[in-house]
Amino acid sequence: MRVLAAMSGGVDSAVAAARAVDAGHDVTGVHLALSAKPGTLRTGSRGCCTVEDAHDARRAADILGIPFYVWDFAERFTEEVIEDFVAEYAAGRTPNPCLKCNERIKFEALLDKAIALGFDAVCTGHYARLADGTLRRAKDVGKDQSYVLASLTPEQLRHAMFPVGDTTKDDIRAEAAARDLAVADKPDSYDICFIPDGDTRAFLESRIGSRPGQLVDAESGAVLGVHTGVHGFTVGQRHGLGIDRPAPDGRPRYVLSLEPVDGTVRVGPADRLSVREIVADRAVWPHNRPLDGVVECVAQVRAHGGTSPATAEFRDGTLTVRPQAQLRGVAPGQAVVLYRPDADGDVVLGSATIRATSA
């Protein structure tokens with residue numbers, strides 16, 4: 001089978017490519033150039049897709065003895081991921097750019113090009129398991145990335161390979177060292193790759209500008225201060241609110257809701273963050289099996305954490321999820337992913353974009 005290995009320059013994708021070679025596939029490595037200004041998107045463990053990363057990917061491909069190319073997807077990445085990220089925040093929602101990148105870049109743009117060039121599959125270093133078309137959590141639950149892959153379609157999964165999903169991260173690093181791959185000890189990237197300094201608020205301010213509004217106490221209605229735009233906040237946020245006096249009861253305040261039309265940011269105590277119902281749309285069913293009736297499942301609302309046993313129902317294009325445990329800080333714009341507990345690893349049932357929540 002002809003396999004295109006997406007090589008980010010990190011240890012996971014390098015070992016994934018190596019395992020594809022070991023399996024006897026005809027493997028070609030490709031690094032995605034996603035930045036119009038490579039070299040500006042990595043600061044230590046932050047960022048990715050730099051010149052350094054491209055060189056690390058090339059060195060790994062040389063050790064594996066496979067052809068290697070760099071494909072320029074910077075324009076598409078800017079349009080599909082960065083501009084979408086900015087627009088969602090401007091609308092008072094909290095997007096997940098990693099999910100969007102997987103959906104629109106790695107398993108749409110990249111996969112489409114790979115298929116057009118005669119490749120049978122795209123291989124990545126994601127921590128997830130895929131067998132017989134069934135997407136499951138990774139063995140290393142702490143590194144599991146099935147949440148950001150749950151929006152893939154059955155056709156995309158049919159052409160996907162996740163060779164490291166059955167292995168822990170420590171064992172992947174040990175395997176990379178045994179293969180003499182220089183990236184064995186390379187730090188993992190974290191946070192948002194196109195905001196290397198980690199200052200999301202400053203990044204958004206530079207693109208959206210100032211849109212002043214009021215910080216309002218949700219319980220008393222009192223105006224507590226002003227801000228420069230709802231894009232500087234997300235539901236569940238505690239720090240950096242710019243409030244100069246404590247709440248009357250001394251408890252910390254959290255962002256409860258964002259109203260982008262008039263710029264109001266409502267804040268209140270933690271107990272008002274609890275969510276009992278999630279309403280979502282734009283559902284995707286990776287195995288082409290929409291929910292039938294009310295289904296018991298596990299719901300996850302963040303890439304790491306934010307899980308609860310739940311019931312879910314899909315009707316007239318709307319997914320309604322009712323968590324059994326209290327979930328806090330669930331923000332519109334995020335994804336809710338549903339899993340079916342299974343002895344061999346939780347199976348992804350589907351995902352949808354959160355539209356609204358209620359207590």
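Me: In what order do the five strands of the open sheet lie, and what makes β5 and β9 its edge strands?

Reply: The order is β5-β2-β1-β6-β9, with parallel pairing. Each of β5 (68–72) and β9 (160–161) pairs on one side only, which is what places them at the edges. The strands themselves are DSSP runs of E with at least two residues, whereas helices are runs of H or I with at least four, both numbered from the N terminus. The model is predicted: local features need pLDDT of at least 70, side-chain atom pairs count only at pLDDT 80 or more, and totals for chains, interfaces and linings use all residues. Residues are numbered from 1 along each chain as its sequence is written, and side-chain values use heavy atoms, without hydrogens or water.

Me: How do you know that β2 and β5 pair?

Reply: Two strands pair if DSSP finds at least two bridges between them. Strand β2 (residues 26–33) and β5 are joined by five bridges and run parallel, so the criterion is met. Within this pairing, G29 stands opposite F68 in β5. Helix α2 lies across both strands, at about 150 degrees to β5 (axes are lines fitted to C-alpha atoms, for helices over the stretch in contact, with angles from 0 to 180 degrees between N-to-C directions).

Me: What makes β16 a partner of β17 and of β20?

Reply: The bridge count decides in each case. Strand β16 (residues 294–300) has seven bridges to β17 (residues 307–315) in the antiparallel sense, and V295 has A312 as its bridge partner there. Three bridges join β16 to β20 (residues 335–340), again antiparallel, with V298 matched to Y339. In the hairpin of β16 and β17, six residues lie between the strands, and G305 takes a positive phi near 95 degrees.

Me: Why is D53 called buried, and what makes its approach to K186 a polar contact?

Reply: Buried means under 20% relative accessible area, exposed over 50%, and partly exposed in between (1.4 Å probe, protein chains only). D53, in helix α2 (residues 51–64), has 1% relative accessibility and therefore counts as buried. A polar contact is a pair of N or O atoms within 3.5 Å; within protein, one must be able to donate a hydrogen and the other to accept it, and residues adjacent in sequence count only if both atoms are side-chain atoms. The side chains of D53 and K186 are joined at 2.6 Å, so the distance satisfies that limit.

Me: Why are K169 and E88 classed as buried?

Reply: K169, in helix α6 (residues 169–178), is buried because its relative accessible area is 6%. Leaving aside neighbours within four places in sequence, K169 is in contact (heavy atoms within 4.5 Å) with V11, D12, Y127, D140, K143 and D188. E88, in helix α3 (residues 74–90), is buried because its value is 12%.

Me: Why is the pair of W285 and F314 called edge-to-face, while that of F194 and F203 is called tilted?

Reply: Rings of Phe, Tyr and Trp (its six-membered ring) pair if their centres lie within 6.5 Å; planes under 30 degrees apart count as stacked, over 60 as edge-to-face and the rest as tilted. F194 and F203 have centres 5.6 Å apart and planes at 50 degrees, a tilted pair. Both of these residues are buried. For W285 and F314, the centres are 5.1 Å apart and the planes at 70 degrees, so the pair is edge-to-face. W285 lies in the loop between β15 (277–284) and β16 and F314 in β17, so this pair ties together parts 29 residues apart in sequence.
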